[in-house]
Protein chains: 2
Amino acid sequence: MVIEPEPEQRTFTEIARRQQIVGAAIDTIAEVGYAQASLARIAERIGISKGVISYHFTGKDDLIKQVVVDVVEAGRNYILPRVSAEITGPSTLRAYIVSNLAFMRDHRNYMVAVVEILRSGAFKTDGGRRLDGREVDVATRLLQEQLARFQAGGEFRDDFDPSALAVAIRAAIDVVPHRLVLDPDFDIDRYAGEIANVFDRATRREDTP
Amino acid sequence: MVIEPEPEQRTFTEIARRQQIVGAAIDTIAEVGYAQASLARIAERIGISKGVISYHFTGKDDLIKQVVVDVVEAGRNYILPRVSAEITGPSTLRAYIVSNLAFMRDHRNYMVAVVEILRSGAFKTDGGRRLDGREVDVATRLLQEQLARFQAGGEFRDDFDPSALAVAIRAAIDVVPHRLVLDPDFDIDRYAGEIANVFDRATRREDTP
DNA sequence: AGAGTAGCTGGCCGGTCGGTCAGAACATCG
DNA sequence: CGATGTTCTGACCGACCGGCCAGCTACTCT
């Protein structure tokens, strides 16, 4: 386990540059896809030499990891309080779906970039091995556990499989960046409402209409 | 529009070679991902020089197109009769979901490869331009039309958006190849049943339990 | 002024890619 | 045995990749 350098050791300039580069990486990946997002292209976008990226990051892996970390943190900061504010199972589930998609609506490039990265299999751990299995899919696992908890508490019907439902809900959410690429006029808010209804009907007990 | 050469002009050897190469491409893409599936690697799998691929196909684009065409045709041949055999809206929807996933279960590499290709944006038309918009998503559009038809016919509830539901259903289906990569023990049949229930509950009229 | 440091440039390296090509290998027929 | 057409090999090409580094610039400190 390598210890990260103290944040205090980072120059003001360096912090700004790193953020600028991460932003350029996000926009470039979102625009041309991960496969075509070379260091040269990312550097070109902000008018710097690609050597600068090597100077501020240990390599492309390091840059990509920072992109994912930044986006995931921003997403969690947005979604978590909105979900936690709800109390009942159905309202929590709806808040989860709606806030996930609202974040995507307001940060399209963020999500497109991260989805591009994750599906390209380019995201690696510190050790260099590729993330796989349950590691990548923390979001699906957490959702599954939440569903199971509410189900055990009697707030949801008891004849669905939380695992399968979690996969389907995440799939319905994660497909949106791709859908945005296919159809720039895709109405996220409308979709969010419809999907929330779908999974609400699928989980709601018959005696709680 | 370029006319394909007559099939009769293809040697017996050539037909066999082309199929062998397409098969090797499918397995290679499914195994190492599209980005790492170079012509050299595909050729190596069947112990030939990569020049052979250039000899039988005009280029990598041509080979990839053939892969997609072959798999889509196989999938349609499997799914279409099973869906057409059903009569009511709910049973048709269930047959659609179950047969889609059954085909994936029996042809994992086929589906993994095609999903890899489509999401990598490498699939091109004859004209060379990338497929986008509604072109790629024929499957989603057809499903949407089918849903709308049954909805108009009163077999489904009338307060859901066929467009949004079609996107969600296709997402729940198309995520499976990726899920298989994450978890080799993923139970497709169980998932198929659960998802069919989810979307059945989301579309079924209250007065038809 | 001189020394030191952070930040950056631009060219170079080894490697992989898709694609090309001269010619070998092979089967078939006169 | 040639002659001919098909199939294949292996070397090679130019392009692009991530990474590397000598050296330039600009700023700070003594």
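Start by selecting Leu39(A) together with DNA strand D: in this predicted model, a backbone N or O atom of Leu39(A) sits 2.9 Å from a phosphate oxygen of the strand.

Now move over to chain B and pick Ser49(B). Here a polar backbone atom lies 2.8 Å from a phosphate oxygen of DNA strand D.

For a contact with a base, go back to chain A and click on Lys50(A). A polar atom of its side chain is 2.6 Å from a base oxygen of DNA strand D.

Next, bring up the whole surroundings of the strand. You should find 16 residues around DNA strand D, with Lys50(A), Lys60(A), Arg17(B), Ser49(B) and His56(B) the closest. Of the strand's atoms that come within 4 Å of the protein, 62% belong to sugar and phosphate. Try colouring this surface by residue type: five residues are nonpolar, seven polar and four charged.

Which helices should you highlight here? Helix 2 (39-45) of chain A, helix 1 (12-32) of chain B and helix 3 (50-56) of chain B each contribute at least two residues to the surface near DNA strand D. Helix 3 of chain B contributes the most, four residues.

Now leave the DNA and visit the protein interior. The largest nonpolar core contains 116 residues, and those with the most contacts inside it are Ile169, Tyr191 and Phe199, in both chain A and chain B. Select helix 8 (residues 162-182) of chain B to see the largest share of this core, twelve residues.

For a last stop, zoom in on Ile169(B). Leaving aside residues up to four places away in sequence, Ile169(B) touches Leu93(B), Tyr96(B), Ile97(B), Leu143(B), Leu147(B) and Phe199(B).

Conventions: Residues are numbered from 1 along each chain as its sequence is written. Chains are lettered from A and ligands numbered from 1 in the order in which they are written. This is a predicted model: local features need pLDDT of at least 70, side-chain atom pairs count only at pLDDT 80 or more; totals for chains, interfaces and linings use all residues. Side-chain values use heavy atoms; hydrogens and water are left out. A nonpolar core is a set of buried Ala, Val, Leu, Ile, Met, Phe, Trp, Tyr and Cys residues joined through side-chain atoms within 4.5 Å. Buried means under 20% relative accessible area, exposed over 50%, partly exposed in between (1.4 Å probe, protein chains only). Contact means heavy atoms within 4.5 Å. A residue is near a molecule or strand if one of its heavy atoms lies within 4 Å of it. A polar contact is a pair of N or O atoms within 3.5 Å; within protein, one must be able to donate a hydrogen and the other to accept it, and residues adjacent in sequence count only if both atoms are side-chain atoms. Ala, Val, Leu, Ile, Met, Phe, Trp, Tyr, Cys and Pro count as nonpolar, Asp, Glu, Lys and Arg as charged, and the others, Gly among them, as polar.
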